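Colleague: I am new to this structure and would like a close look at a single part of it. Please start there and then work outwards.

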Amino acid sequence: MRTATVTRKTAETEISVTIDLDGTGRYDNQTGVGFFDHMLDQLARHSLIDMEIRAKGDLHIDDHHTVEDTGIALGRALAQALGDKTGIRRYGSCLLPMDDALVRAALDLSGRPYLVWNVDLPTPKIGTFDTELVREFFTAFSTNGGITLHVDRLHGFNSHHIAEAAFKAVARALREAVETDPRKADAVPSTKGAL
Ligand SMILES: [Mn+2]
C-alpha cells in the first residue's frame, strides 16, 4: 500500500496528513484557511491522491505558518508513501488552462529538491489569503517531498485563476509521476538504480 500518515507539532502549528497515492482523489482538508483548503482539494482531486489534512495553526498571527507547515507535512507524506520509488513513472508535466490563466508544471520525483517558480500573482490578496503563500507552500512541499518542480505562468490576470491553475497543473503532473509504469513496474526508474 502506497500510503502514509505524517503528524507534525510545533509551537506554531499542529498538522496531520494522511494520503493514498493509489486513491481516487477523495479529499477532506481542514486547515482553517478557506482558500488554502480549496487549493488542497484541487491537489487531491486532480492528482487522484486521496488526502486528509487537519491543521491547527496560529492563525491569529497570519496564515503563513499553517500553509508552510502543511507543505512540509504533505511533502514528507509523499516521500514516505513513495518508498523506494520502484515502478513509478517519476516524471510528470501538465499545461493547464483555467479561463484567462495558463500554467505549466513539470516535475521529477528525483529526491533532489529544486523549485523554479515563475508565477506572478497580480494582487497581494485572494480574499483574505496572502498570495505570496502559494509560493511558500510549493517551496515547503518540493523541499520535503524531494521534488524538482518547475511552475510557470504563461498567461493570466486573475490571481484566483492563476493560483488554482498552478495547483491543478501540479496535481496533474503528480498524478502522472506517481503512477506505476506497467512496462517497468519492478524497477526504480534511474540508471543509478536508486532515487
Ligand atoms: Mn476556485
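How many nonpolar, polar and charged residues does the lining of the largest pocket have?

Modeller: The model is a predicted one. By class, the lining of the largest pocket has 4 nonpolar, 3 polar and 5 charged residues. The pocket has a volume of about 160 Å³. Its lining is made up of Thr3, Ala4, Thr5, Thr18, Ile19, Asp20, Arg26, Tyr27, Asp28, Asp50, Met51 and Glu52. The elements that give two or more residues to this lining are strand 1 (3-9), strand 2 (13-20), strand 3 (27-30) and strand 4 (50-57).

Two of the pocket residues, Ile19 and Met51, also line the largest cavity. A search of the whole structure finds 1 cavity of 30 Å³ or more, and the volume of the largest cavity is about 40 Å³. Besides Ile19 and Met51, the residues around the cavity are Leu43, Ile49, Leu74, Leu78, Phe141 and Leu174. The cavity lining divides into 8 nonpolar residues, with no polar and no charged ones, while the pocket lining includes 5 charged residues.

The cavity lining leads on to the helices. Leu74 and Leu78 from that lining fall in helix 2 (residues 64-82). Of the 19 residues of helix 2, 14 are buried, so this helix is largely enclosed by the rest of the structure. At 1.5 Å a residue, helix 2 should span 27 Å, and its end C-alpha atoms are indeed 27 Å apart. After helix 2 comes glycine 83, with a positive phi near 60°.

Phe141, another residue of the cavity lining, is among the buried residues of helix 3. The others in helix 3 that are buried are Leu133, Val134, Phe137, Phe138, Ala140, Ser142 and Gly145. An α-helix has 3.6 residues a turn, so residues three or four places apart point the same way. The buried residues of helix 3 pack against helix 1, helix 2, strand 7, strand 9 (129-130), strand 10 (148-155) and helix 4. Helix 3 (residues 132-145) has 14 residues and reaches 20 Å from its first C-alpha to its last, close to the 20 Å expected. Just after it, glycine 146 has a positive phi of about 65°.

Glycine 146 also turns up among the contacts of serine 110, which, leaving aside neighbours within four places in sequence, are Lys85, Arg90, Gly146, Thr148 and Leu195. Serine 110 lies in the loop between strand 6 (101-108) and strand 7 (114-118). With a relative accessible area of 4%, serine 110 is buried, the cut-off for that being under 20%. Its C-alpha atom is separated by 9.8 Å from that of leucine 149, which is 39 residues away along the chain.

Helices 1 and 4, both packed against by helix 3, also contribute to a metal site. The manganese ion is coordinated by His38 (NE2), His160 (NE2) and Glu164 (OE), at 2.0 to 2.3 Å. In sequence these donor residues are spaced H-x121-H-x3-E. Histidine 38 in helix 1 (residues 34-47) and glutamate 164 in helix 4 (residues 159-178) are 126 residues apart, so this pair links distant parts of the chain. Histidine 38 is partly exposed, at 29% relative accessible area, whereas glutamate 164 counts as buried at 5%.

Key. Residues are numbered from 1 along each chain as its sequence is written. This is a predicted model: local features need pLDDT of at least 70, side-chain atom pairs count only at pLDDT 80 or more; totals for chains, interfaces and linings use all residues. Side-chain values use heavy atoms; hydrogens and water are left out. On a 1 Å grid over the protein atoms alone, a cavity is a set of points where a 1.4 Å probe fits but cannot get out, and a pocket is an open set with protein on both sides within 12 Å along at least five of seven lines; lining residues have an atom within 4 Å of a point. Grid points are joined across faces, edges and corners, and a volume is the space filled by probe spheres set on the points. Ala, Val, Leu, Ile, Met, Phe, Trp, Tyr, Cys and Pro count as nonpolar, Asp, Glu, Lys and Arg as charged, and the others, Gly among them, as polar. Helices (H or I, at least four residues) and strands (E, at least two) are DSSP runs, numbered from the N terminus. Donors are N, O and S atoms within 2.8 Å of the metal (3.2 Å for Na, K and Ca); water is not among the atoms, so sites may look incomplete. Buried means under 20% relative accessible area, exposed over 50%, partly exposed in between (1.4 Å probe, protein chains only). The expected span of a helix is 1.5 Å times one less than its number of residues. Contact means heavy atoms within 4.5 Å.
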